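Let's take a walk through this one together, a stop at a time. Have the viewer open and follow along.

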Amino acid sequence: MGSGATSRTQLVERAERYAKTVALPIDYSTVSWEVSERARRRAGQCLYNPQTGAVTIRLTWAAFEAYGWEQFSGVVRHELVHAWEFQQFGASNHGPRFRQKAREVNAPRTCERFTDGRLALSCADESCDWHAERHRASSVVTNPGRYRCGACRSPLRVTHRESGESWRSHDGYERARRRIGEEW
Ligand SMILES: [Zn+2]
Ligand SMILES: [Zn+2]
């Protein structure tokens, strides 16, 4: 994995490249892309400014991390159908016209609900993509050193999503928790 900023730029680049392969007549000159760290309920979002005609597609980083590209590309297709509707009709919802177009490009017909855990468990071995989510400070979160990756038995890493702090031991947890403070 690259540094955070690089991976996010790469996600936008990948989504932009991919979008142009999806058979939708979209004017990409008015479409901009961004990555959201915070969106908690959606994997993606498509915003429209009727004054300027600008379309913004916002991708949720944690959803990409949790889904992987294959599934996440469905989110991109879904948001592109919204972009297409906004450009063609000035409005977008999940009505019959949307559903028809979504079918044509094999996109999920509803906005994917995505509730990322506050805490992400991942494998300390970068080549292993095992991961899990936690919402609370359970014992695996406060003491990950006592647990192993569910796939390859390597040590675990816990990441607090809001702050980006991560740790692999109880001491690490306590230090991170102090740094995170009120934001926990
Ligand atoms: Zn939608
Ligand atoms: Zn593993």
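Rings of Phe, Tyr and Trp, the last taken by its six-membered ring, count as a pair if their centres lie within 6.5 Å. Keep in mind that what you're looking at is a predicted model. With that cut-off in hand, pick out Y18, W61, F64, W69 and F72: these five make up one aromatic cluster. Searching the whole structure turns up nine aromatic pairs. One of them is W84 with F89, with ring centres 5.5 Å apart and planes at 85 degrees to each other. Planes over 60 degrees apart count as edge-to-face, so that's the label for W84 and F89.

Stay with those two rings for a moment, starting with how much of each is covered. W84 has a relative accessibility of 9%, and since anything under 20% is called buried, W84 goes in that class. F89 comes out at 42%, so it counts as partly exposed. Each ring also has a charged residue over its face. For F89 that's R97, at 3.6 Å from the ring centre, while for W84 it's K101, at 4.8 Å from the ring centre.

Next stop, the metal. Which residues hold the zinc ion (ligand 2)? The protein donors are the SG atoms of C123, C128, C149 and C152, sitting 2.2 to 2.3 Å from the zinc ion. Along the sequence these donor residues follow the spacing C-x4-C-x20-C-x2-C. Now for the geometry: the angles among the four donor atoms run from 99 to 117 degrees, and the site is tetrahedral. For reference, the ideal angle for four tetrahedral donors is 109.5 degrees. As for the surroundings, C123 and C128 are both buried.

Finally, head over to helix α6, which covers residues 170-180. Which of its residues are buried? They're G172, Y173, A176 and I180. Look down the axis of α6 and these buried residues fall within an arc of 100 degrees, so they line one face of the helix. What covers them includes α5 (139-142), β6 (156-160) and β7 (166-167). Swing round to the other side of α6 and you'll find D171 and R178, both exposed. Just after α6 comes G181, with a positive phi near 55 degrees.

Terms used. Residues numbered from 1 in each chain as written. Chains lettered and ligands numbered in written order. Predicted model: local features only at pLDDT ≥ 70, side-chain atom pairs only at ≥ 80, totals over all residues. Heavy atoms only, no water. Donors = N, O, S within 2.8 Å, 3.2 Å for Na, K, Ca; no water. Tetrahedral: all angles 85-135°; square planar, octahedral: opposite > 155°, others 65-115°. Buried < 20%, exposed > 50% of the residue type's maximum accessible area, 1.4 Å probe, protein only. Helix = DSSP H or I, 4+ residues; strand = E, 2+ residues; numbered from the N terminus. Arc of directions from axis to C-beta. Contact = heavy atoms within 4.5 Å. Phe/Tyr/Trp six-rings, centres within 6.5 Å; stacked < 30°, edge-to-face > 60°. Lys NZ or Arg CZ within 6 Å of the ring centre and 35° of its normal.
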